[in-house]
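The following exercises concern backbone geometry, burial, packing and ligand contacts. Each task is followed by a solution in steps.

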Amino acid sequence: MAIGFRQEGRIFTLDTKHTSYRMKVDEYGFLLHLYYGGRVYGNMDYLLTCYDRGFSGNPWDVGNDRTYSLDVLPQEYPVMGVGDFRNSALIVRNADGSDCCDLRYIGHEIKQGKYGLPGLPAVYADAGEAETLEITLGDKVSGMCVTLLYGVLEEADIITRSVVLENRGVNNVTVEKAASACLDFVTGSFDMLSFYGRHTMERNLQREELRHGTYAIGSRRGTSSHQYNPAVILADRNTTEDAGGCYGMVFVYSGNFLFEAERDQYDQTRLLMGMQSDLFHYPLEQGEKLVVPETILCYSDQGLGALSARFHDCIREHLCRGKFRDAPRPVLLNSWEAAYFTFDGQTLLKLAKSTAALGIDMIVMDDGWFGKREDDNSGLGDWQVNEKKLGCTLRELIEQINGEGVKFGIWIEPEMVSEDSELYRQHPDWALRIPGREPVRGRNQLVLDFSRADVRDYIFEQICSILDQGKIEYVKWDMNRSIADVFSGETEQGKVTYQYVLGVYDFLERLLQKYPDILLEGCSGGGGRFDAGMLYYTPQIWCSDNTDALDRLRIQYGTSFFYPASAVGSHVSAVPNHQTGRSVSLHTRGVVAMAGAFGYELDPEKLTAEEREAVREQIRQYRSREELIRRGRYYRLSDPFTAAYTAWMFVSKDGSRALLSVVMLEMHGNMTVSYVKLKGLDAASVYRDTESGRRYYGADLMEAGLPMPVELKAYPAYQIELIRE
Ligand code: GLA
């Protein structure tokens with residue numbers, strides 16, 4: 001039993017293989033948090049302490065007991081207005097204008113299986129793999145009913161949390177803030193690890209001591225965005241990659257979010273993950289519900305590496321869905337950096353021919369194939385094939401490409417409209433705009449109001465009529481701006497940011513249902529919507545518009561803390577690199593791109609004969625290692641922000657096969673030798689380097705490391721495959 005309820009003391013016990021979570025309903029009906037961390041056996045209510053704390057108020061019903069204060073006690077779902085002055089998980093504005101909601105325990109239910117969330121992505125599991133706990137809390141005065149949902153995946157060491165808010169009162173209320181998870185710690189001093197970034201430089205790791213006050217990150221951009229990823233780690237101050245305690249929180253949502261970490265006046269810590277409170281005032285009429293998106297929680301007492309591995313498994317096996325959850329991904333060549341907007345059918349056919357000769361599986365026709373779209377100033381919304389530009393119909397083009405033995409994929413950006421488009425001329429009111437004001441432009445385009453079903457239906461039909469024109473086996477779903485003008489002509493204001501994201505999910509779900517064999521790849525100016533919510537619909541996401549191999553090392557390193565390699569779209573592009581101007585060898589570019597769903601983003605015609613041969617070899621190698629990369633355990637061996645080299649490894653789950661990748665970052669005269677220490681091998685087994693034939697004990701490579709060659713080359717890279725004998 002992963003979930004239990006001990007009647008005496010009214011204790012909830014949530015246990016996974018290596019972790020435990022405890023809560024208690026106290027004598028006043030408040031739901032107190034007791035513990036989350038490594039596996040324990042007791043109730044853990046002995047951790048609660050009560051002292052008279054000046055200026056920390058006491059609930060009315062505790063009478064003269066000044067030692068009972070919600071301002072100090074650890075709570076499961078803290079609310080504004082009841083004497084807890086720390087950050088709140090929930091703020092409800094009542095009909096009388098007050099901000100208060102006094103939540104007390106009503107009841108609970110324990111169920112087999114993992115709960116799902118209507119219209120929202122959520123972790124799923126087979127019936128025997130998970131249990132669900134639903135705890136109902138209510139506010140007598142307003143009638144607000146709050147159901148806390150807990151999913152426990154015992155073997156996976158994962159606990160998920162979500163919340164359903166329901167107005168069961170007679171007056172309307174407005175939800176001003178709603179988190180799905182709160183974690184209170186009565187003790188500990190921690191570091192906060194978060195992942196900041198910008199377009200073409202996503203997910204840089206920042207590790208800082210959590211000090212008194214609130215550390216907050218989030219998004220008001222309408223998407224999870226490049227700026228901060230909706231996933232964080234709280235680690236003991238001395239936690240490393242391989243040792244120490246750490247907690248991860250991953251928000252399964254692709255829109256505005258807010259994460260807060262507060263160290264309070266008593267050196268206690270509170271973490272909150274949930275909806276962004278700005279641009280959000282969610283009116284709830286009588287009987288109406290709001291589902292707060294899920295947060296995935298995980299704890300590891302074996303450092304950051306083990307934490308990442310658990311998130312990778314959870315996301316890959318319990319969040320990604322469909323045929324391509326488990327199927328090998330095609331090696332694709334994307335036309336974007338090869339041709340940008342300047343192509344016709346012949347260009348694509350030529351690309352397909354050279355692609356076929358290299359052994360690449362698929363060609364993806366990126367932006368520029370529809371409406372009037374010679375640059376990024378027009379055409380979005382007009383999802384009609386520009387046959388004049390292609391010189392043929394889409395069906396003919398696909399047939400010709402297929403005739404070369406190459407599959408076909410296509411780029412779309414369904415959420416957008418250009419002012420210079422037929423769609424906008426006909427339906428200017430379909431764009432998100434604030435009446436009486438000029439809109440904010442981003443990449444010279446506006447955002448369609450995807451909170452509206454009629455808008456989505458229209459675009460859905462247009463997109464389907466494209467996908468029905470031939471054998472399209474892959475779709476890249478892009479989203480190329482932040483949302484500024486939050487106002488809908490139809491959706492109630494205050495609900496728009498949330499309903500927009502639900503609209504995107506609804507569209508994606510319909511697409512998946514209708515075309516289960518199409519591989520969807522998410523994208524938002526590269527990795528601007530690289531989040532667990534999207535991975536429920538698109539098993540891979542274009543990791544960054546930056547294809548520079550050295551920058552990618554850092555971007556992929558940051559991405560690896562939560563997201564599995566199977567989710568990371570990563571391509572070899574031409575040099576000098578289009579984003580940085582840097583030139584790195586084809587070999588190094590290949591090694592870096594092999595840390596994800598592999599492909600190319602260049603014109604093969606521009607390669608030399610020698611390079612073409614090298615590409616063929618890269619593809620051959622990738623294919624032989626694809627499963628190891630997609631499903632193996634991933635190990636970070638160094639920190640690219642500080643080390644002289646970046647190294648990582650994939651090890652098959654049974655330990656029989658491993659792939660070590662190393663890129664040297666520093667070059668100096670008379671170079672010192674770098675010894676890379678491996679991880680995850682069987683210590684007592686012998687492994688053979690498949691290329692050199694040399695044999696090593698696993699322990700030797702893990703304890704003493706492997707010396708890397710010293711070569712007179714810029715950023716040389718090494719890939720060593722090891723097979724257990
Ligand atoms: C975004 C994507 C690119 C490319 C362009 C097309 O920037 O991230 O990969 O598809 O749009 O306009």
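**Exercise 1.** Determine whether Arg 10 is buried, partly exposed or exposed, and describe its backbone.

*Solution.* Step 1: Arg 10 has 26% relative accessibility, so it counts as partly exposed; buried means under 20% relative accessible area, exposed over 50%, and partly exposed in between (1.4 Å probe, protein chains only). Step 2: the residue sits in the loop between strand S1 (3-6) and strand S2 (11-15). Helices (H or I, at least four residues) and strands (E, at least two) are DSSP runs, numbered from the N terminus. Step 3: phi of Arg 10 is near 45°, a positive value in a residue other than glycine.

The model is predicted: local features need pLDDT of at least 70, side-chain atom pairs count only at pLDDT 80 or more, and totals for chains, interfaces and linings use all residues. Residues are numbered from 1 along each chain as its sequence is written, and side-chain values use heavy atoms, with hydrogens and water left out.

**Exercise 2.** Carry out the analysis of phi, location and accessibility for Asn 444.

*Solution.* Step 1: phi is positive, about 60°, although Asn 444 is not a glycine. Step 2: Asn 444 belongs to the loop between helix H6 (422-426) and strand S24 (446-447). Step 3: its relative accessibility is 30%, and therefore Asn 444 counts as partly exposed.

**Exercise 3.** Characterise the peptide bond from Val 575 to Pro 576 and locate Pro 576.

*Solution.* Step 1: omega is near -5°, and the bond is cis. Step 2: Pro 576 is placed in the loop between strand S28 (568-573) and helix H11 (586-593).

**Exercise 4.** Explain why helix H10 (residues 549-559) is described as largely enclosed.

*Solution.* Step 1: 10 of the 11 residues of H10 are buried, so the rest of the structure largely encloses this helix. Step 2: the buried residues include Leu 550, Leu 553, Ile 555 and Tyr 557. Step 3: at the start of H10, a side-chain oxygen of Asp 548 comes within 2.9 Å of the backbone nitrogen of Leu 550.

**Exercise 5.** Describe the largest nonpolar core and the surroundings of Trp 369.

*Solution.* Step 1: a nonpolar core is a set of buried Ala, Val, Leu, Ile, Met, Phe, Trp, Tyr and Cys residues joined through side-chain atoms within 4.5 Å. Step 2: the largest one has 208 residues, of which Leu 90, Leu 165 and Trp 369 touch the most other members. Helix H8 (residues 496-514) gives the most to this core, with 11 residues. Step 3: leaving aside neighbours within four places in sequence, Trp 369 has contacts (heavy atoms within 4.5 Å) that include Phe 343, Trp 383, Trp 411 and Ile 466.

**Exercise 6.** Which residues are closest to the ligand, and which polar atoms approach its oxygen atoms?

*Solution.* Step 1: 13 residues surround the ligand, each with a heavy atom within 4 Å. The closest are Asp 366, Asp 367, Lys 476, Gly 526 and Asp 545. Step 2: an N or O atom in the side chain of Asp 545 is 2.5 Å from a ligand oxygen atom. A polar side-chain atom of Asp 478 lies 2.9 Å from an oxygen atom of the ligand, and a backbone N or O atom of Gly 526 also lies 2.9 Å from a ligand oxygen atom. Step 3: taken alone the ligand exposes 310 Å², and the protein buries 97% of that (Shrake-Rupley method, 1.4 Å probe).

How values were computed. Polar contact = N/O pair within 3.5 Å; in protein donor to acceptor, adjacent residues only side chain to side chain.
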